[in-house]
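Please take a moment to open the model in your viewer. We will walk through it together, starting in the middle of the fold and working outwards.

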Amino acid sequence: MSRRVVGANRRRALILGSAGVLVLALVGGGVAFLLATRGELQYKTQSALRKALPVTAAAELEKRGVSLSSPLKCKDLPGWTKSKLRVSCTGTTTDQKSVEVLGTGEEKTHKSYYTILVDGRPVVENAHCLGADCKGRQG
């Protein structure tokens with residue numbers, strides 16, 4: 001084999017090796033980015049969710065043209081745990097329609113879901129955020 005062929009093979013191997021390292025670095029960086037941006041729960045405790053939900057739900061309803069006659073009243077739902085948050089809120093609109101709000105959060109998946117019913121009909125279904133919490137996020 002001539003020196004020229006060996007040199008060409010070496011160059012080709014270096015180029016392919018460099019490209020492989022670059023691909024691995026990009027894939028690894030992408031995985032790291034996804035894990036880092038996976039995020040945490042907006043409200044990390046049952047108490048924090050219970051306190052925030054009436055405010056964020058009222059803001060979400062206001063944004064959708066629904067006014068409340070008084071602040072929502074919230075309580076813990078049976079079966080909540082430290083890692084599975086569950087809150088329910090109730091109230092009435094200014095035109096006397098019932099309002100029900102459900103908020104959940106799961107530590108394991110880092111996901112929250114919110115549903116708002118007005119007069120038994122969904123206004124918000126399984127949203128990941130409500131009100132001001134949605135700035136810069138999809139709701």
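In β3, the residue bridged to K84 of β2 is E106. This pair belongs to a predicted model, in which local features need pLDDT of at least 70 and side-chain atom pairs count only at pLDDT 80 or more, while totals for chains, interfaces and linings use all residues. Residues are numbered from 1 along each chain as its sequence is written, and side-chain values use heavy atoms, with hydrogens and water left out. Strands here are DSSP runs of E with at least two residues, and helices are runs of H or I with at least four, both numbered from the N terminus. Two strands count as paired if DSSP finds at least two bridges between them.

β2 and β3 are joined by 9 bridges and run antiparallel. Their hairpin has 5 residues between the strands, and within it Q96 adopts a positive phi near 65 degrees. On to β1, which β2 meets through 4 bridges, again in the antiparallel sense. Here you can find K73 facing T90 of β2, and K75 facing S88 of that strand.

Now zoom out to the sheet. It is open and has 5 strands in the order β1-β2-β3-β4-β5, with antiparallel pairing. Because β1 (73–76) and β5 (121–127) each have a single partner strand, they stand at the edges, and one side of each has no neighbour in the sheet. From one strand to the next, the twist averages 15 degrees. As a reminder, strands of a sheet pair through backbone hydrogen bonds, in either a parallel or an antiparallel way.

Which helix lies across β1, β2, β3, β4 and β5? That is helix α2 (residues 46–63), which runs at about 40 degrees to β2. For such angles, axes are lines fitted to C-alpha atoms, for helices over the stretch in contact, and the values run from 0 to 180 degrees between N-to-C directions. One residue to pick out in helix α2 is T56. T56 is buried, with a relative accessible area of 9%; buried means under 20%, exposed over 50% and partly exposed in between, using a 1.4 Å probe and protein chains only. Leaving aside residues up to four places away in sequence, T56 touches Y43, L130, G131 and D133, where contact means heavy atoms within 4.5 Å.

The segment after β5 holds C129, which is buried at a relative accessible area of 2%. C129 and Q42 are 87 residues apart along the chain, yet their C-alpha atoms are separated by 8.6 Å.

Next, the charged side chains. A salt bridge is taken as a side-chain nitrogen of Lys or Arg within 4 Å of a carboxyl oxygen of Asp or Glu, and by this rule there are 6 salt bridges. Three residues, E60, K63 and R64, are linked in a network of them. E60 reaches K63 with closest N and O atoms 3.4 Å apart, and E60 meets R64 at 2.9 Å, N to O. E60 and K63 are 3 residues apart in helix α2, so about one helical turn separates them. Are these residues buried or exposed? E60 is buried, with a relative accessible area of 3%, whereas K63 is exposed at 57%, and R64 is partly exposed at 43%. Another salt bridge joins K44 to E40, with closest N and O atoms 3.4 Å apart. In that pair, K44 is partly exposed at 48% relative accessibility, and E40 is exposed at 59%.

Finally, how far can you trust what you see? pLDDT is the predictor's confidence in each residue, from 0 to 100. The protein has a mean pLDDT of 82, with 69% of its residues at 70 or more. Confidence is highest in β2, at 98, and lowest in helix α1 (residues 3–37), at a mean of 51. Over residues 19–37 the pLDDT is below 50, and this stretch has 0 contacts in the model beyond near neighbours in sequence. Where pLDDT is low, the predicted coordinates should not be read in detail.
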